[in-house]
Amino acid sequence: MSSSSDNTVSSTVESRLENALSGPAFEKRIRRRNLRDSISKYGISVGGLSVIASVLLIMFFLFYVVVPLFMSASIERDKAYNLPGGNSETSVYYGIDEYQESAIRFTESGKGIGFDVFTGQISNEIQLPLNGQKVTAFTVINEMKNVFAYGLEDGSILIAQYGYDVTYPNDKRVIVPKVTYPFGEEPMMLGSQAISHLAIRESDSEVRIAWMEKGTQQVQIRQYSKVESMLTDGISLEVDSQASMVAQFAPKWLLLDASGRNLYAVNELGKTEYFNISDYNNPFSIETVDLIPAGQEVTALRFLLGEYSIMAGTDKGQVFQWFPVRQADNTFRLQEIRSFEISSSPITNIAVEKGRKGFAAGDAQGEFHLLHSTAHRYLGSDRPVETPLTMVAMAPRSNGALVETSDGQLVHYMIENEHPDVSVESLWGKVWYEGYEEPSFTWQSSSASNDFEPKFSLMPLTWGTIKAALYSMLFAVPIAVLAAIFTAFFMDKQTRQWVKPSVEMIEALPTVILGFLAGLWLAPFMEANLPGFFAIFIVVPLGILAFGYGWTRLPKKIRQKVVTGRRAVLMIPVVIFLGWLSLQLSSPLENAFFGGDMRNWLTNEAGIDFDQRNAMVIGFAMGFALIPTIFSVAEDAIYNVPSYLVNGSLALGASGWQTLVGVVLPTASPGIFSAIMLGFGRGVGETMIVLMASGNTPLMEANIFEGMRTLSANLAVEMPEAEVDSSHYRVLFLAGLVLFIFTFLFNTLAEVVRQRMRRKYGSL
């Protein structure tokens, strides 16, 4: 009876099971499940591919913005025509208007010939009032203001300034060159003999003139004050002082820099006598140097924009850059900065750009070259003719050039050269900038001066990024990892349930608040209690050990009243007290060891620079922000170690510490490593804390008491003010690309290490 009943039940179960696993209802359930599986599969695939595509698109966009920085210049030959006014006279200078519609050619006879840039048709001719005197010298006084001067055979000079009259007849723009005379049309007498060499510099209040007369080696120097007429609004010059000195040799060129203090006499072989004329009562020769190697001759010489750097072209096709450098004894010496291998034929002429440190050179083979000095970059060339180029002039916006050839032709170029001031060398190498004592890594993207050298070195920003991340990790990693170990392995479950969320809530604090507190409260407080902060690293560990030892000496009944997993809570007031005690010891320690002022002792005695907002502040503030990230991931990794591994180790007689070191930590090491890498990644990309508390000084210093500027903070500071598509704008995008690639490579390396650790310890 029982067997029959069992068979009936079994048959009923089989029948119901068969009905459940077949039929329309079953097939409908299978279709729904397969549909959900397909949606999940393709949804996850599409999501993953979308993330990868988004990352690639971001990288592509960054490359798209950055690539133009490293493209060569586009030099396009536009027009060529006969030299306006003919080639019977030698040209001494060319001026071009900013629209490249009109230009003026100045000749050795003192004639100004205005002409149309596109056709070469003469628009007007201007004869400068030279009083019938022959021109014996010519100099450019101010490249930016278009001021120049002729030296005459009777010992006088005429200072003139060219410009343009712009009219709109029939709504069409017409530009005609003109010449004005800032100090009057009457030539100004300097000496009694023909002027052979002339150099002039003008400031807002004075004019300094250096000249040499024909047949002598005596350099005359005269300073004039500007006096404005109350009746005519004209400006006249009154002599302030005069001096003279004798050059060691007969020079071919006489150069006076923008300051009016440094005077150079240069001959064909490059021998240069450097004079200091800052004190007119005591001018003196500083040194004599050779601008070029032996066996070469100087074929072209002029100042770079700003009239500080000397550019010397040679008969071997090289250009050498020199400028005065301050020495350790506070004196200046001429220093060769860099050289350019341009051509195999002599350099015939050098022209400078009016808005940046670029220059153009023409050679004896008829080739036109475009370069940039600071970036040490060759940008391109073109050969309009096979005859030597006698004169090169750059347009004011550096987007064009006029090139005069020895066979009487004038060639107009259209130039597209947006980013000559950036190169791999200037971004990542040491660059010797004008006025600096040595080559350096420098970031300084803007200045009020027109002749400013952009300093786009990414090295101090990259260094600052790594420095900020490392110092913050030194603070955050030991605290976060050790706290995660104790919370996950030693703490009881109930205490862990409120400790872990409490720590994770810190991550919700806005970093701008942390940066605000670090910059305005922590930095000055740390400066005022510097010995106390260092005492924390000694007093707190020793105090904790002393408290632990004292706890073990208490009676067992007292110790058992606190559950083992909750005893760490007792340390909270102890740590607070020890921190307070450390800060209270600040003044006694400062008086005992640092003469009452540790900051002054660091600066004057130890020779360590100290900034209030420094890397130590960043270490505390950003480290505090990284602790929750590292703690949370590391704690989960340790807590999720399989219990059978822990119980097996304990069952075999291992102690808790032995189990932790031999079983738990190796098993959880991939997760702990991932936690540290996540913290480092966040530290690298952190913006607001370093922006508000680091001082934002782009320095290449490991000093913990000095500030830094990171890549991300620099983007936040400068991107809103960067001109779109400018070199500065694109270099900022390059900084973002560097940060992107750096993070990507570091995370990839971290993932490789994590996978190897997982394979190594996964068999436990």
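The following conversation looks at two sheets and one charged patch in a predicted model.

Visitor: What makes E17 and E18 count as paired strands?

Guide: Two strands pair if at least two bridges are found between them, and strand E17, residues 271–276, is joined to E18 over six bridges in the antiparallel sense, so the pair meets that cut-off. As an example of residues facing each other, Asn276 stands opposite Phe284 in E18.

Visitor: Why are E15 and E18 said to stand at the edges of their sheet?

Guide: The sheet is open and has four strands in the order E15-E16-E17-E18, with antiparallel pairing. Strand E15 (253–256) and strand E18 (284–290) each have a single partner strand, and therefore one side of each is left without a neighbour in the sheet. From one strand to the next, the twist averages 20°.

Visitor: Which strands stand at the edges of the sheet with the order E1-E29-E28-E27?

Guide: In this open sheet of four strands, again with antiparallel pairing, the edges are strand E1 (74–82) and strand E27 (389–394), because each has a single partner strand.

Visitor: How do you know that E27 and E28 pair?

Guide: The cut-off is at least two bridges, and E27 and strand E28, residues 400–405, share five bridges in the antiparallel sense, so they count as a pair. Val392 has Val403 in E28 as its bridge partner.

Visitor: What makes the patch on the surface one of positive charge?

Guide: Lys and Arg count as positive, and the patch gathers Lys28, Arg29, Arg31, Arg32, Arg33 and Arg36, so the name follows from its members. Arg36 has its place in helix H2, residues 23–66.

Conventions. Residues are numbered from 1 along each chain as its sequence is written. This is a predicted model: local features need pLDDT of at least 70, side-chain atom pairs count only at pLDDT 80 or more; totals for chains, interfaces and linings use all residues. Side-chain values use heavy atoms; hydrogens and water are left out. Helices (H or I, at least four residues) and strands (E, at least two) are DSSP runs, numbered from the N terminus. Axes are lines fitted to C-alpha atoms, for helices over the stretch in contact, and angles run from 0 to 180 degrees between N-to-C directions. Patches are made of residues with over 30% relative accessible area and no salt bridge: like charges are joined within 9 Å, nonpolar side chains (Val, Leu, Ile, Met, Phe, Trp, Tyr) within 5 Å. Accessible areas come from the Shrake-Rupley method with a 1.4 Å probe; for residues, only the protein chains shown count as cover. A salt bridge is a side-chain nitrogen of Lys or Arg within 4 Å of a carboxyl oxygen of Asp or Glu. The place of a charge is taken as NZ of Lys, CZ of Arg, CG of Asp or CD of Glu.
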